[in-house]
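Hello,

Here is the structure we discussed. Please look through it before reading the notes underneath.

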Amino acid sequence: MTERQKDLFQKFAALASLLGLVVIFSFTSNAFFTVGNGMTVALQVTSIAYLGIAATCVIITGGIDLSVGAILALAGVVAAMAAKAGVPVPLAMLAGLLVGALCGLINGLCVTALKLPPFIATLGMMLVARGVALQITDAKAIGGLGDSFAELGNGSLWRMVNIGADGFPDVVFVGIPYPVLLMVVLAVAVSILLNRATLGRHLYAVGSNLEAARLSGVNVQRVTLFAYVFSGLLAGLTGCVLMSRLVTAQPSEGLMYELDAIAAAVIGGTSLTGGVGTISGTVIGAFVIGILRNGLNMAGVSAFTQQILIGLVILLAVWIDQMRHRK
Amino acid sequence: MLPSVSDPVYSEAPSSAAGALLRLEGITKRFPGVLALDGVSFEVRRGEVHAVCGENGAGKSTLMKIVSGQYQPDAGTLHYHGEACTFRSTAESEAVGIAIIHQELNLVPHLSVAENIFLAREPRKGWLIDRAALRRNARRCLDRLGLDIAPDVLVKTLSVAQQQMVEIAKALSLNAQVLIMDEPTSSLTESETEKLFAIIHELKRAGVGIVYISHRLDELAQIVDRVTVLRDGRHVSTDRFADTSVEQIVARMVGRSLDDVFPRRNSSPTPDVLLRARGLTRQGVFHDVSFELRRGEILGFAGLMGAGRTEVARAIFGADPLDAGEVLLGEQRLAIRSPRDAVRHGLAYLSEDRKHDGLALKMTVAQNITLANMDAVSNRVGMIRFDQEQAAAARYIEALGIRTPSSSQIVRLLSGGNQQKLVISKWLFRDSRILFFDEPTRGIDVGAKYAIYQLLDQLADQGIGVVMISSELPEIMGMTDRVAVFHEGRLVTVLTTRETSQEEVMHYASGRSIPPIPEFSPGPTDD
């Protein structure tokens, strides 16, 4: 097989297993293959997808970001506190995004200026961000955020509802939830960035061979910095969307999400050694995880068993990836 | 019991191979899409040095990997001491006395020299490592090579040449009967090479059969008894070295005769000075280096390993810091703080280690060609214009004769010579006017070398200034206009190539009759 065929094979394998899961779960539960559940899955997948897209960018440069779960909690909490304090919701959420980007900037500076290994830099941020989130909220959830705060996470585009003769609403079309819309826009935009923009090309070059990129005149520091700031920003976005969906800001939200994000990227063929990865792969990876969870839930499989199965799926995916690279 | 060979009489019939330690018959090895070896027969006798020559991709390394058990042949048999056998791993071949010294170093950087030599064979006291015995045994191995390396130092602190010698010491410690050396001298200095050759002679007398793989054909005469040439996975010839010549070997390797190793120089330097370096100093690395590079000139940097040639080039390019001195481009003084600055001023540095810092191996041919000049193939908002990128790639693939199935081929899969051409393309696409070319033909086969030399000549003809750093003196003599000779961090002299000789260059490079470098004063000492 040529490289290209192998690549297609890998993509196809991930996609095929995704379809396989859908078929299996359609048999185990009647409610699985419905428009409503499809939207539910899509909605559940959004968090993993946002973070997975961020993780892909960072991993392509040969780095890793362990702090996204904690950053999303901090960003969400900040947005909620600001909204609660009377700041208009869009501005409050913008504050959340900025907090996320700021955390990412600190990560990036630790990696580029202080030359800390990304694993350590983001591990530190993971603890710090989580600690700050717990500190400023006294570890208490922030509730009563109001309808406007809930709009981003719960609203939909083109939702069609008829008010029936009996006065009860009748949902004609559930609509496209904003988080799902956002996921599609993000995936397309970052895909274009990675494939078509010089910045994206430089991300790959830095991950493929940092020294060669540097000697070619690529601004390695700035490219690396971008990856971490972007990752922080998307973590902030995830925090806002997630807290909005729950209409509650939980400082302990997003625990271990960084691992789901990395798993999604890896299942989608992103190489942890850097230089390789696609957004389409990562989105497929996110859906594999999301559908596994959802389908197993509906089939009544316990959370513990789910965890075991997802673990095995990750091992399988990476093993397939290794096979591909073996000559 | 094995019959001993009294004298190395060459017998034509392979079946009567007296003293054949190791005999391979009709070895065939197929990889997906490639027939790496096609019915190759080959034998090593007691007490002989048997050279295996061939271009990159001829099948030398695959053959050696089959001998050492890393690969299993698809067809053919392997006889050791007259008995058919199969090795399923390196451990199995080592156990019966076949050792291999790899071209790429296989040492563990964070372990000591002694620990590396006896890795997985540590002398033990019960469950624990017998550290005293370990050190003692290692000392003995190192002494045998006359190496002044402490067994306790960590391998990562050693120079590449020293690591190579440790690798050799490790192989010798196996008491091998068949020893395979894959490019053992590629990173050794002259004196270290001599030491190695003395050891090879000693091993020969002890009856060890040595398989010797080297691109440096000129050194074969000193040690080799027989030579086998492979081409495209097939056996071409096996001769006594005395009955053949380097020219003949080269002709057989490439399958055609090369008129000369070096092309005729068509270019000649102009009097305009492109680049002027004055008093360049990097503390403890090089000291007060000054030189001029003219338009259309190929300037050689000669010297031994560690003389500071690469370091000077890297510092001018902004890859490493400079402590003192200035670089002028024409009349303009350059402030280069990073490779980015250097690239902007039209400088290019082609590293001696293509894979480590020249190419993004996981990326495609086209992506590598445009990497240093993305602006030329993207629009104002930084979006890549793929049509322009493809056109640029096609242009350079054509112009430099890069052999690749397509411009979207992953670079890792190209041969060394084509990878080298790719690095050159990258810098030509950047419109570089000054090229620092570090060991341009290292690890490249003979045919591709010629193409690289021609290319260098063409570049000079276009008015590009080329600095060629090379440890191959014939290459320096054959290609340059002038030679700057380095010794221990100093530029000793600049010679006009046509008026000098290899001997004179070596004389300066080895540092005879040169004042010692002054101690670097660390500035005002604090009390």
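The notes below take chain A, one of its helices, the contact with chain B, and the domains.

This is a predicted model, in which local features need pLDDT of at least 70, side-chain atom pairs count only at pLDDT 80 or more, and totals for chains, interfaces and linings use all residues. Residues are numbered from 1 along each chain as its sequence is written, and chains are lettered from A in the order in which they are written.

Chain A has 13 helices and four strands (DSSP runs, H or I of at least four residues and E of at least two, numbered from the N terminus). Its C-alpha trace spans about 70 × 50 × 35 Å along the principal axes. Of the 327 residues in chain A, 50% are buried (20 or more other C-beta atoms within 10 Å of the residue's own, with C-beta atoms placed from the backbone).

Helix α3 of chain A covers residues 68-84, and its end C-alpha atoms are 24 Å apart, in agreement with the 24 Å expected for 17 residues at 1.5 Å a residue (1.5 Å times one less than the number of residues). Because 14 of its 17 residues are buried, α3(A) is largely enclosed by the rest of the structure. A:Gly86, which follows α3(A), has a positive phi, near 105 degrees.

Between the chains, 20 residues of chain A are in contact with 24 of chain B (C-beta atoms, placed from the backbone, within 7 Å). On the chain A side, α8(A) gives the most, with six residues.

Chain B is divided into domain 1 (14-254) and domain 2 (273-509), with bounds from an automatic or database domain assignment. Their centres, taken over C-alpha atoms, are 33 Å apart.

Regards

Key: A residue is buried if 20 or more other C-beta atoms lie within 10 Å of its own, exposed if 12 or fewer, and partly exposed in between; C-beta atoms are placed from the backbone. Two residues are in contact if their C-beta atoms, placed from the backbone, lie within 7 Å.
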